[in-house]
Amino acid sequence: MKSEPIAAATVFRAVMTAAAWRCQCTGVCGQPHAKSDGRCPREHDGYADKHGGPIRLLAAPADPHTPEREAVALPARALRAWCPGCHAAARKPAPAPDALQGGLFDL
């Protein structure tokens, strides 16, 4: 028996079943996931390492930049299974091209 959220369990279960209870990130987070054929290896209720607790996957929009007000109304087919680490990294905005240099050589 896998753990489930209290609310919206039917939608959560549909998303997780379609994802085979595994994170569906394919590199959007910035990691190539090279050791697991390009897909994040994290599984729901699995352990990240011997010091971490169990991983609880999220049912979140396929586009991580979808505003929360729109995300709550999306059907299960528009959602993906995400581990918290991949989802947080994918939501970060990309740095602006000028910010990459950091003004090191500005005169």
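1. A good place to begin is the second largest pocket of this predicted model, which is lined by Pro5, Ala7, Ala8, Val11, Phe12, Leu57, Leu58, Ala59 and Leu79. The elements that each give two or more residues to this lining are helix H1, residues 9-18, and strand S1. Sorted by class, the lining has 9 nonpolar residues, with no polar and no charged ones, and the space in this pocket comes to about 160 Å³.

2. The largest pocket of the model has a volume of about 230 Å³. Its lining is made up of 13 residues, and those closest to the centre of the pocket are Ala59, Ala60, Pro61, Ala71 and Val72. Two or more lining residues come from each of strand S1 (58-61), helix H2 (68-71) and helix H3 (84-91), and S1 gives the most, with 3 residues. By class, this lining has 9 nonpolar, 2 polar and 2 charged residues. Ala59 deserves a second look, since this residue is listed in the lining of the second largest pocket and is also among the residues closest to the centre of the largest pocket.

3. As for the chain as a whole, its secondary structure comes to 4 helices and 2 strands, and from the N terminus on these elements follow one another in the order α-β-α-β-α-α. The chain has 107 residues, of which 25% are buried. When contacts between residues at least 6 apart in sequence are taken together, 47% of them join residues that are at least 24 apart. The accessible surface of the chain comes to about 7,600 Å², and carbon and sulfur atoms account for 56% of that surface.

4. How many disulfides does the structure hold? The number is 0, and the cysteines can be checked one by one with the help of the cut-off, which asks for two cysteine sulfur atoms within 2.5 Å. For Cys29, the closest cysteine sulfur belongs to Cys25 and lies 3.6 Å away, which is too far for a bond. Cys83 is likewise in no disulfide, with the nearest cysteine sulfur, that of Cys86, at 3.5 Å. Cys29 has a relative accessibility of 13% and therefore counts as buried, and Cys83 is buried as well, with a relative accessible area of 1%.

5. His65 is worth following in the 3D view, and its place is in the loop between S1 and H2. Is His65 buried, exposed or partly exposed? With a relative accessible area of 47%, His65 is partly exposed, because that class covers values between the limit of 20% for buried and the limit of 50% for exposed. Although His65 and Arg91 are 26 residues apart along the chain, their C-alpha atoms are separated by 5.8 Å. If residues up to four places away in sequence are not counted, His65 touches Ala90, Arg91 and Lys92.

6. The last point concerns Ser36, which lies in the loop between H1 and S1. Which residues are in contact with Ser36, leaving aside its neighbours within four places in sequence? These contacts are with Arg22 and Pro41. Ser36 counts as buried, because its relative accessibility is 14% and buried means under 20%. A student may like to set Ser36 in its loop between H1 and S1 beside His65 in the loop between S1 and H2, reading Ser36 as buried and His65 as partly exposed.

Terms used: Residues are numbered from 1 along each chain as its sequence is written. This is a predicted model: local features need pLDDT of at least 70, side-chain atom pairs count only at pLDDT 80 or more; totals for chains, interfaces and linings use all residues. Side-chain values use heavy atoms; hydrogens and water are left out. On a 1 Å grid over the protein atoms alone, a cavity is a set of points where a 1.4 Å probe fits but cannot get out, and a pocket is an open set with protein on both sides within 12 Å along at least five of seven lines; lining residues have an atom within 4 Å of a point. Grid points are joined across faces, edges and corners, and a volume is the space filled by probe spheres set on the points. Ala, Val, Leu, Ile, Met, Phe, Trp, Tyr, Cys and Pro count as nonpolar, Asp, Glu, Lys and Arg as charged, and the others, Gly among them, as polar. Buried means under 20% relative accessible area, exposed over 50%, partly exposed in between (1.4 Å probe, protein chains only). Contact means heavy atoms within 4.5 Å. Accessible areas come from the Shrake-Rupley method with a 1.4 Å probe; for residues, only the protein chains shown count as cover.
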